[in-house]
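Open the model in your viewer and keep the selection box handy. We'll hop from residue to residue and say what to look for at each stop.

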Amino acid sequence: MAAQRSLADSLRWMAEGTKTFFGALAGLPDDRLDVPTALTGWTGRHLLAHVAANADALLNLAYWARTGEERPMYASFERRDAEIQAGALRSAAELRSWAASSAELLDRRLSELDERQWSRPVRTAQGRTVPAAEVPWMRAREVMVHAVDLGAGVGFGDLPADFLASLIDDITAKRSGAGDGPALALKATGHGGKWTVAGSGDPVAVTGTLAELAAYLSGRAAGPGGRPAPALPRWL
Ligand code: ZN
């Protein structure tokens, strides 16, 4: 499919996703943050520390875009993981306030960028060089998908359809580039979207709603709508 994603789309999804994430979080009592999430080895505290640290890391890219002075998201993967582990030990109140203040600051700093700064190349944690205009998309992806991971009642079906289609564009491109999984031919019912994933073997047809396909492709469901589908390697 790969409809082109505009900066305006990404900024809108980042704002909607932030609202969805913090809305879900507000309804989650502190003790629920101690419970394991669907993400291996992570409680709600780890997830909250990760979302907060992600905003801090993207603030580095916003600085890079504004000044042209290189400032990577994370010093290293080890430091990133150590920060999540240490962050998870903070009190629930501290974690909530860190997540909220870093999200607000990121929003403010991004709103200050001009057209030239949006086009400045920056580097993602995975080592891809992208224009800074990708930063709001990277953040939208985090807050939307992790709003589901919070386990506070938000599902993929609650996320905007145009965001889900863009997420599927993104994941299928990433999976095709990696080429480390099975070949797939995906079809979204009630939407008409079609995607392929390059990989091993003859393409396996996988059909589901946008929400079901996004959950499956992002590794949040073993198959669309509980139906069997080929096992996939990690997404990110
Ligand atoms: Zn994440």
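Which side chain does the side chain of H146 make a polar contact with? Select H146 and look around its ring: the partner is the side chain of H50, at 3.2 Å. One thing to keep in mind as you click: this is a predicted model.

Stay here for a moment. H146 is found in helix 6, and its relative accessible area is 7%, so it counts as buried. Now show its neighbours, skipping those within four places in sequence: H146 is in contact with F21, L39, L47, H50, V51 and R220.

**The two domains**

Zoom out and colour by domain. The assignment gives domain 1 as 7-154 and domain 2 as 158-221. Draw a line between their centres, taken over C-alpha atoms, and you get 23 Å.

Next, select the residues that face each other. You should pick up 15 residues of domain 1 in contact with 9 residues of domain 2. About 1,100 Å² is buried between the two domains, with carbon and sulfur atoms giving 67% of that area. On the domain 1 side, highlight W13, W137 and M144: these lose the most area to domain 2, together 43% of what that side buries.

**Polar pairs across the interface**

Switch on the polar links. Between domain 1 and domain 2 the count is 3 salt bridges, and 5 residue pairs are in polar contact across the interface. To see which elements are involved on the domain 1 side, show helix 1 (7-26) and helix 6 (135-149), the elements that give two or more residues to it. Helix 6 gives the most, with 8 residues. Sort that side of domain 1 by class and you find 8 nonpolar, 3 polar and 4 charged residues.

Now pick D162 and R12. Their side chains meet in a salt bridge, 3.1 Å from N to O. Add D9 and E16 to the selection, and you have a network of salt bridges linking D9, R12, E16 and D162.

Slide over to R141 and D170. Here the closest N and O atoms of the salt bridge are 2.7 Å apart. R141 sits in helix 6 and D170 in helix 7 (residues 161-178), so many places lie between them: the pair links distant parts of the chain, 29 residues apart. Both R141 and D170 are buried.

**More salt bridges**

Search the whole structure and 12 salt bridges turn up. One to select is E134 with R5, whose side chains meet at 3.4 Å, N to O. This pair also links distant parts of the chain, with E134 in the loop between strand 2 (129-131) and helix 6, and R5 in the segment before helix 1, 129 residues apart. Turn on a surface to compare the partners: E134 counts as buried at 19% relative accessibility, whereas R5 is partly exposed at 22%.

Then try E112 and R109, a salt bridge at 3.2 Å, N to O. E112 is partly exposed with a relative accessible area of 43%, and R109 counts as partly exposed at 30%.

**Last stop**

Is A222 buried or exposed? Select A222 in the segment after helix 8 (210-217) and check the surface: at 70% relative accessibility, A222 counts as exposed. Leaving aside neighbours within four places in sequence, A222 is in contact with Y216 and A229. To finish, put a distance label between the C-alpha atoms of A222 and I84: they are separated by 26 Å, with the two residues 138 apart along the chain.

Key:
Residues are numbered from 1 along each chain as its sequence is written. This is a predicted model: local features need pLDDT of at least 70, side-chain atom pairs count only at pLDDT 80 or more; totals for chains, interfaces and linings use all residues. Side-chain values use heavy atoms; hydrogens and water are left out. Domain bounds come from an automatic or database domain assignment. Contact means heavy atoms within 4.5 Å. Buried area is the accessible area (1.4 Å probe) that two parts lose on being put together, summed over both. A salt bridge is a side-chain nitrogen of Lys or Arg within 4 Å of a carboxyl oxygen of Asp or Glu. A polar contact is a pair of N or O atoms within 3.5 Å; within protein, one must be able to donate a hydrogen and the other to accept it, and residues adjacent in sequence count only if both atoms are side-chain atoms. Helices (H or I, at least four residues) and strands (E, at least two) are DSSP runs, numbered from the N terminus. Ala, Val, Leu, Ile, Met, Phe, Trp, Tyr, Cys and Pro count as nonpolar, Asp, Glu, Lys and Arg as charged, and the others, Gly among them, as polar. Buried means under 20% relative accessible area, exposed over 50%, partly exposed in between (1.4 Å probe, protein chains only).
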